[in-house]
Amino acid sequence: MNQQLLDIRIIGVPLDLGQSLRGVDVGPSALRYAGLADRLRRLGHRVKDCGNIPTAHRDSLPPHDDYVTPIRDTCALLYDDVRHSLAHDRFPLIMGGDHSISIGSIGGATHDRSKGVLWIDAHGDCNTPESSPSGNIHGMPLAILRGHGPDALIDVGRPGVKLHSQDVVIIALRDLDVEERRVLQESNMEIYTMRDIDERGIADVAKSALTHLRHHQDIHVSFDVDSIDPYFAPGVGTPVEGGLQPREAHLLMELIAEDGRLSSAEIVEINPIVDVRNRTAELAVGLIESLLGKTIL
């Protein structure tokens, strides 16, 4: 297979306001320390690290703030950066930060036309402020992108819905809140749980997911590192046992790369504070390499 060489724009988003555990704001630094840009250059890609999008610091905000406004502000900046990158035929690679950043990244990625989204995550992220036990916004972005949640976040970048059920495939799901389970059962989204992966194998699931999105010319990957089993990726804020094995994750990334429609991606929820010698970021960089064309032969 001939690898497509890309003009990659790395965008850091050190946002940690969407969840309670501190540390994911250092995620972009951990990926840089693991050599992300240089390793992508060795694959032949042109790479520019655009630095970090400004984000509010939690300690500077009023206590008991719901953080909707500062998350909106950061996501609006990210929306514009992603939209601008794609308009100039550049590949935006976004480093989180918590998963609430996808409100901006996917909004910007879908500004000019709809896009298929592979949401690789242990969690459904389909809560609303009314259904969420924690109230944490990083558990709501997929609901917000589909038009459910605070209006200020739904309307980031442009008013209204950014994704429809037929645009999304969730992979590696294994941990849901009670109300979230009902929402997903009624959503008509394509969902592959870890049981599906255990029974069918990751190759079959990946090919089925890509086929489900065949009506889209472009695909965005939203990769939450907690989709990996925490034995291999301990540096996440919401670990759930029974996740993807590294080789399964690499094969998933390789199959997405071979499909040829990938046009943007994000990696989120790396928390170096609870990691072991940057092991999670190192694994994540290897997976990004597979996603962007690295193969064994």
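A salt bridge is here a side-chain nitrogen of Lys or Arg within 4 Å of a carboxyl oxygen of Asp or Glu. By this rule, the predicted model contains 17 salt bridges. Side chains of opposite charge can pair when their charged atoms come close. One such pair consists of arginine 41 and aspartate 38, whose side chains meet with an N to O distance of 2.9 Å. Both residues belong to helix H2 (residues 36–41), and because they are three residues apart in it, about one helical turn separates them.

The fold includes an open sheet of eight strands, arranged in the order E2-E1-E3-E8-E7-E4-E5-E6 with parallel pairing. Strand E2 (46–52) and strand E6 (190–193) are the edge strands, each of which pairs on one side only. From one strand to the next, the twist averages 15°. Helix H10 (residues 246–259) packs on this sheet and touches strand E4 (116–120), strand E5 (168–173), strand E7 (219–224) and strand E8 (262–268). The direction of H10 makes about 170° with that of E4. At the E2 edge of the sheet, strand E1 (residues 7–13) runs parallel to E2 and is joined to it by five bridges. Within this pair of strands, glycine 12 stands opposite asparagine 52 in E2.

Two backbone features lie in loops of the model. Most residues other than glycine have a negative phi, and most peptide bonds are trans. Tyrosine 67, by contrast, has a positive phi, near 65°; this residue is found in the loop between E2 and H3. A cis peptide bond, with omega of about 15°, joins glycine 96 and glycine 97. Glycine 97 is placed in the loop between strand E3 (91–96) and H4.

Internal space was examined next. Rolling a probe the size of a water molecule over the atoms shows where empty space is left. Two cavities of 30 Å³ or more are present in the structure, and the largest has a volume of about 50 Å³. The lining of the largest cavity is made up of Leu93, Phe223, Met253, Ala265, Glu266, Ile267, Leu287, Ile288 and Leu291. At least two of these lining residues come from E8, and at least two from helix H11 (279–291). By class, the lining comprises eight nonpolar residues, no polar residues and one charged residue.

The pockets, which are open, were treated separately. The largest pocket encloses about 350 Å³ of space. Of the 19 residues that line the largest pocket, Leu86, Asp89, Arg90, Asp218 and Ser263 are the closest to its centre. Helix H3 (68–87), helix H4 (102–109) and E8 are the elements that give two or more residues to this lining. The lining of the largest pocket divides into seven nonpolar, five polar and seven charged residues.

The second largest pocket has a volume of about 270 Å³. It is lined by 18 residues, and those nearest its centre are His123, Asn127, His138, Gly139 and Asp177. In the lining of the second largest pocket, two residues are nonpolar, nine are polar and seven are charged. Strand E8 thus recurs in several of these descriptions: H10 touches E8, and E8 supplies residues to the linings of both the largest cavity and the largest pocket.

Notes
Residues numbered from 1 in each chain as written. Predicted model: local features only at pLDDT ≥ 70, side-chain atom pairs only at ≥ 80, totals over all residues. Heavy atoms only, no water. Pairing = 2+ DSSP bridges. Helix = DSSP H or I, 4+ residues; strand = E, 2+ residues; numbered from the N terminus. Axes fitted to C-alpha atoms, helices over the stretch in contact; angles between N-to-C directions. Contact = heavy atoms within 4.5 Å. 1 Å grid on protein atoms, 1.4 Å probe; cavity = no way out; pocket = protein on both sides within 12 Å on 5 of 7 lines; lining within 4 Å. Points joined across faces, edges and corners; volume = space filled by probe spheres on them. Nonpolar A, V, L, I, M, F, W, Y, C, P; charged D, E, K, R; others polar.
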